[in-house]
Amino acid sequence: MGESDLIQNIRALPKIDLHRHLEGAVRLETLIEIAQDYGIEMPEYDVETLRPFVQMMPDETHNYQHFLGKFSTLRQFFRSPDIIRRVTREAVADAAADNILYLELRFTPPALSNIIRCSYEEVIGWVCDAAAEAARDHAITVRLIVSMNRHESVQNGEKVLQAALACHTRGVVALDLAGNESQYPAQPFYPLFERAKAAGLFITIHAGEWAGAEGVREALTCLHADRIGHGVRSIEDPELVAELAEHGTALEICPSSNYDSGVVTDWLRHPLAPLYRQGVKITINTDDPVISAITLSDELMRVITRLSLGLEDVKQAVLNAAGAAFLPPAERETLVAAFKARLAVP
Ligand SMILES: [Zn+2]
């Protein structure tokens with residue numbers, strides 16, 4: 001199959017994204033409009049002027065400092081409830097346009113309410129309502145994950161948790177720990193994740209990305225993680241890889257993000273394929289479409305053309321994602337059955 005046939009094929013596949021940040025899924029054109037409407041100073045109001053501030057450029061050093069820097073810029077654009085609703089609706093519409101049928105969209109309430117100065121519960125409510133409306137309009141199922149950053153205070157995390165729990169019946173299904181893993185320990189956040197678990201939220205933890213395999217162990221044993229965000233550095237610990245495979249723990253792998261943030265410096269050495277071949281349930285996700293300038297179809301394409309997996313392997317990864325969805329067991333089984341049929345996977 002030629003490359004153009006392959007990309008058509010991949011675009012047509014029904015897909016699932018389990019790891020996508022709303023703040024990293026905004027349209028460049030929308031950001032320009034916001035900048036003009038709210039008088040955010042820019043030398044020129046065009047996409048190419050804005051691009052290097054919010055997107056990783058080929059000639060810049062790929063490291064997590066630069067990668068996180070893009071988020072700092074993006075935070076400056078969330079200036080009104082209408083903007084929050086709009087970017088949520090557009091993020092859902094863009095996923096649906098890429099034939100994503102099931103999306104778990106995550107967001108960080110402090111990032112979205114940085115300028116508006118509203119409560120976390122209000123901001124989560126706006127995202128819930130807009131996501132539900134867009135899901136109906138575009139025939140896509142959307143569930144929401146609330147994130148807190150480990151480089152922000154645990155007191156802040158406490159408020160995020162309370163707000164997430166208050167919105168549990170409105171589409172919020174899980175709690176996530178994100179942020180600077182290499183310099184900020186997760187330990188202060190243990191009690192919050194204990195409570196989230198007890199209250200019935202699913203848990204995913206960014207780990208084994210900017211720090212080593214020990215972070216993945218900690219996420220599983222101390223933070224009650226149901227899935228691991230990234231987890232690619234699990235490959236450094238063969239015993240852990242065997243345990244992940246044995247327990248069927250899904251890794252939310254985001255290959256381009258790993259490359260852009262400097263976790264992986266050479267595409268050929270990305271751990272996705274070796275983890276998959278050792279039986280780990282890998283899933284393929286985007287993380288931040290605007291920062292990496294990608295769609296999920298692009299990610300699946302790169303996994304095939306750069307990481308030596310085949311189309312059937314990619315379909316298996318989509319099916320793995322269905323099996324790892326943060327849904328009640330009966331709904332998850334329905335999702336898996338639907339994807340098995342549509343992907344024609346035995
Ligand atoms: Zn992430």
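Trainee: How are the donor residues of the zinc ion spaced in sequence?

Mentor: Their spacing is H-x1-H-x184-H-x80-D. His21 is in strand β1 (residues 15-21) and Asp287 is in the loop between β8 (281-284) and α14 (289-292), so this pair ties together parts 266 residues apart in sequence. Helices (H or I, at least four residues) and strands (E, at least two) are DSSP runs, numbered from the N terminus. This is a predicted model, where local features need pLDDT of at least 70 and side-chain atom pairs count only at pLDDT 80 or more, while totals for chains, interfaces and linings use all residues. Residues are numbered from 1 along each chain as its sequence is written, and side-chain values use heavy atoms, leaving out hydrogens and water.

Trainee: What makes an atom a donor to the zinc ion?

Mentor: A donor is an N, O or S atom within 2.8 Å of the metal (3.2 Å for Na, K and Ca); water is not among the atoms, so sites may look incomplete. His19 (NE2), His21 (NE2), His206 (NE2) and Asp287 (OD) coordinate the zinc ion at 2.1 to 2.3 Å.

Trainee: Why is the site of the zinc ion called irregular?

Mentor: Four donors are tetrahedral if all angles lie between 85 and 135 degrees; four are square planar and six octahedral if opposite donors are over 155 degrees apart and all others between 65 and 115; anything else is irregular. The angles among the four donor atoms here run from 81 to 168 degrees, and the site is irregular.

Trainee: Why is Asp287 called buried?

Mentor: Buried means under 20% relative accessible area, exposed over 50%, partly exposed in between (1.4 Å probe, protein chains only). Asp287 has 2%, so Asp287 is buried.
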